[in-house]
Amino acid sequence: MQLPTEAVATAVLLEATRISGLPTKRGAPYPGRAGAHWIGSEAAGVLALIESLPGGEQHRCGFSPGCSIRAYADTLDLALFEAAFCFSCHEVRMHGTAVPPALATQFFDASAPQAHTLLALLREAAP
């Protein structure tokens, strides 16, 4: 999976969120409860795990993401990006100040070991 290069280079904080609904408008954060926060090498490890997700094909489920990752720069204001993961339809939708349109919707192989690791991490981080 491809993340915005600028965001990966400048992210200092990642936040895992358990999604509770859909955004009220396009580009708004997904509502939900924040769980874990990662900085330093932990954040770099999560970003590397996400980038290692192999591409996949779209499955139809209506996109019902359960968790998201938000990346913040040192100003901690608007998220550089939020990546909402749907492990049913194998889709990731990203938005944020650093997300080019070409990266906004991607598909991953949810049966890959990296996807299983990410799902376990997200479940643990944002119960």
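The following exercises, with worked solutions, concern a predicted model.

**Exercise 1. The nonpolar cores**

Determine how many residues the largest nonpolar core has, and which elements supply at least two residues of this core.

*Solution.*
Step 1. The largest nonpolar core has 33 residues. Those with the most contacts inside this core are Ile-69, Phe-81, Phe-85 and Met-94.
Step 2. At least two residues of the core come from each of β1 (13-19), α2 (40-51), β3 (67-72), β4 (81-86), β5 (91-95) and α3 (113-125).
Step 3. With five residues, α2 gives the most to this core.
Step 4. Another core, of six residues, lies apart from the largest one; among its residues are Tyr-30, Phe-63, Ala-84 and Cys-89.
Step 5. As background, nonpolar side chains in soluble globular proteins tend to be buried together.

**Exercise 2. The surroundings of Phe-81**

Leaving aside neighbours within four places in sequence, list the residues with which Phe-81 is in contact.

*Solution.*
Step 1. With those neighbours set aside, the contacts of Phe-81 include Leu-3, Pro-4, Ala-7 and Leu-47.
Step 2. Phe-81 is also in contact with Ile-69, Arg-70 and Ala-71.
Step 3. The list is completed by Met-94, His-95, Gly-96 and Val-99.

**Exercise 3. The helix α2**

Compare the expected span of α2 with the distance between its end C-alpha atoms, and establish where its buried residues fall.

*Solution.*
Step 1. The expected span is 1.5 Å times one less than the number of residues. The 12 residues of α2 should therefore span 16 Å.
Step 2. The end C-alpha atoms of α2 are 17 Å apart, which agrees with the expected span.
Step 3. Ala-43, Val-46, Leu-47, Leu-49 and Ile-50 are the buried residues of α2.
Step 4. Viewed down the helix axis, these buried residues fall within an arc of 160°, so they line one face of α2.
Step 5. The face turned away from the buried side carries the exposed residues Gly-40 and Ser-41.
Step 6. The cover over the buried residues of α2 includes α1 (5-10), β1, β2 (32-39), β3, β4 and α3.

**Exercise 4. Gly-62**

Decide whether Gly-62 is buried or exposed, and locate this residue in the chain.

*Solution.*
Step 1. Gly-62 is found in the loop between α2 and β3.
Step 2. The relative accessible area of Gly-62 is 68%. A residue counts as exposed when this value is over 50%, so Gly-62 is exposed.
Step 3. Gly-62 and Pro-101 are 39 residues apart in sequence, and their C-alpha atoms are 21 Å apart in space.

**Exercise 5. The salt bridges**

State how many salt bridges the structure holds, and identify the residues linked in a network.

*Solution.*
Step 1. The structure holds three salt bridges.
Step 2. One of them joins the side chains of Arg-70 and Glu-15, at 3.2 Å from N to O. Arg-70 lies in strand β3 and Glu-15 in strand β1, so this pair ties together parts that are 55 residues apart in sequence.
Step 3. Arg-70 also forms a salt bridge with Glu-82, with the closest N and O atoms 3.0 Å apart. This pair links strand β4, which holds Glu-82, to strand β3, which holds Arg-70; the two residues are 12 residues apart.
Step 4. Glu-15, Arg-70 and Glu-82 are accordingly linked in a network of salt bridges.
Step 5. Arg-70 has a relative accessibility of 11% and counts as buried; Glu-15, at 11%, counts as buried; Glu-82 is buried too.
Step 6. Glu-91 and Arg-93 form a salt bridge in which the closest N and O atoms are 2.7 Å apart. Glu-91, at 5% relative accessibility, counts as buried, whereas Arg-93, at 35%, is partly exposed.

Definitions and conventions:
Residues numbered from 1 in each chain as written. Predicted model: local features only at pLDDT ≥ 70, side-chain atom pairs only at ≥ 80, totals over all residues. Heavy atoms only, no water. Core = buried A, V, L, I, M, F, W, Y, C linked by side-chain atoms within 4.5 Å. Buried < 20%, exposed > 50% of the residue type's maximum accessible area, 1.4 Å probe, protein only. Helix = DSSP H or I, 4+ residues; strand = E, 2+ residues; numbered from the N terminus. Contact = heavy atoms within 4.5 Å. Arc of directions from axis to C-beta. Salt bridge = Lys/Arg side-chain N within 4 Å of Asp/Glu carboxyl O.
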